[in-house]
2 protein chains.
Amino acid sequence: MTLPFTFRSEVVPADAQAVEQLVRATGFFNAEETAIAVELVTERLAKGPASGYWFVMAEEGAKLAGYACYGPIGGTACSHDLFWIVVDPAIQRRGLGRQLVARAEEAIRAMGGCRVYIETSTRGQYQPTRGFYDQAGYRLEAVLEDFYGPGDGKAVYVKVVG
Amino acid sequence: MTLPFTFRSEVVPADAQAVEQLVRATGFFNAEETAIAVELVTERLAKGPASGYWFVMAEEGAKLAGYACYGPIGGTACSHDLFWIVVDPAIQRRGLGRQLVARAEEAIRAMGGCRVYIETSTRGQYQPTRGFYDQAGYRLEAVLEDFYGPGDGKAVYVKVVG
């Protein structure tokens, strides 16, 4: 059965475990990356907005189906990072990734943000990811060669939203 | 009287105030940036290497004459950020900036680092800063337009050190 997605910006304690399970389920992130994903949730729970991390949580019924995490970039007038977009692999192809990005952009615009940055790897494994950003209206603005490691550069995408 | 510079990597509690005075004395950094400079010192004092912040402190006699702050970039094989290079404006033109950069690079290489990144503004005020990085062998690899604000882009410099 397919339920409609519901969205919330509030983060609740149960999200820490739900995010960990979701990130693991993708098979896409290593242990260090998974730990960082969970840490952003616990930082948000502990410090609220002062954490600098903001979330869009998507649920299908009571189950976390995906989420986006973003935040303002310190020392900038209105630039934001979109840190994470994760969708449950069991429910892909329903446009949830696109909805999460759109809702994060709306929230960023509403809090006075103007530019959204996304960083990802230049490796082949991330080609679908980069295609997704292209489709979502992001422009590849810079590539830092070998940034993550030999042959593994950093691609920086940007979208002007305000 | 001109004393030779002495260098140390240890950070001591008195450095917090000395760094604040030094950063203010340059007249180059705003209140938010000054607070961040001090925070990196106090983070290092509180957490040691786990802070992710490493320092080269230069003294002339007992007085802090300049410093560099760098650290490994999480999620990368061997990339490092060079966050700060500050020299007392009263003692410029003795090559201390160059020495601080060289010593930071040596230390980064010694801890297995391979690439050093420096980020700065594209604004005219930073032209001498960018010239300094050019002279120190850094290559401008990317520019993110309007990153810091309208007309204030981010320039990303890199140097391969290992």
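I began with the two chains of this predicted model, and I found that 16 residues of chain B are in contact with 16 residues of chain A. I then looked up which elements of chain B give two or more residues to the side that touches chain A, and they are α2 (31-47), β6 (139-149) and β7 (152-160). The greatest share of that side comes from β6(B), which gives seven residues. Sorting the side of chain B that touches chain A by class, I noted seven nonpolar, four polar and five charged residues.

Next I asked how the two copies are placed with respect to each other, and I saw that chain B can be laid on chain A with an RMSD of 0.0 Å by a turn of 180 degrees, with a shift of 0.0 Å along the axis. The two copies are therefore related as by a two-fold rotation axis. Within chain B, I looked for the C-alpha nearest this axis, and I found that of B:A142, at 2.8 Å from it. I also noted that the same surface serves both copies, since 100% of the contact residues of chain B recur in chain A.

My last entry concerns the largest nonpolar core, which has 78 residues, and in which A:Y67, A:A68, B:Y67 and B:A68 have the most contacts. Domain 1 (1-113) and domain 2 (115-162) of chain A both give residues to this core, so I place it between them. I kept in mind that in soluble globular proteins nonpolar side chains tend to be buried together. Leaving out residues up to four places away in sequence, I listed what A:A68 touches: A:F55, A:V56, A:L82, A:W84, A:I85, A:L100, A:V101 and A:A104.

Terms used. Residues numbered from 1 in each chain as written. Chains lettered and ligands numbered in written order. Predicted model: local features only at pLDDT ≥ 70, side-chain atom pairs only at ≥ 80, totals over all residues. Least-squares fit on C-alpha atoms with pLDDT ≥ 70 in both. Contact = placed C-beta atoms within 7 Å. Core = buried A, V, L, I, M, F, W, Y, C linked by C-beta atoms within 7 Å. Buried ≥ 20, exposed ≤ 12 C-beta atoms within 10 Å, placed from the backbone. Domains from an automatic or database assignment. Helix = DSSP H or I, 4+ residues; strand = E, 2+ residues; numbered from the N terminus. Nonpolar A, V, L, I, M, F, W, Y, C, P; charged D, E, K, R; others polar.
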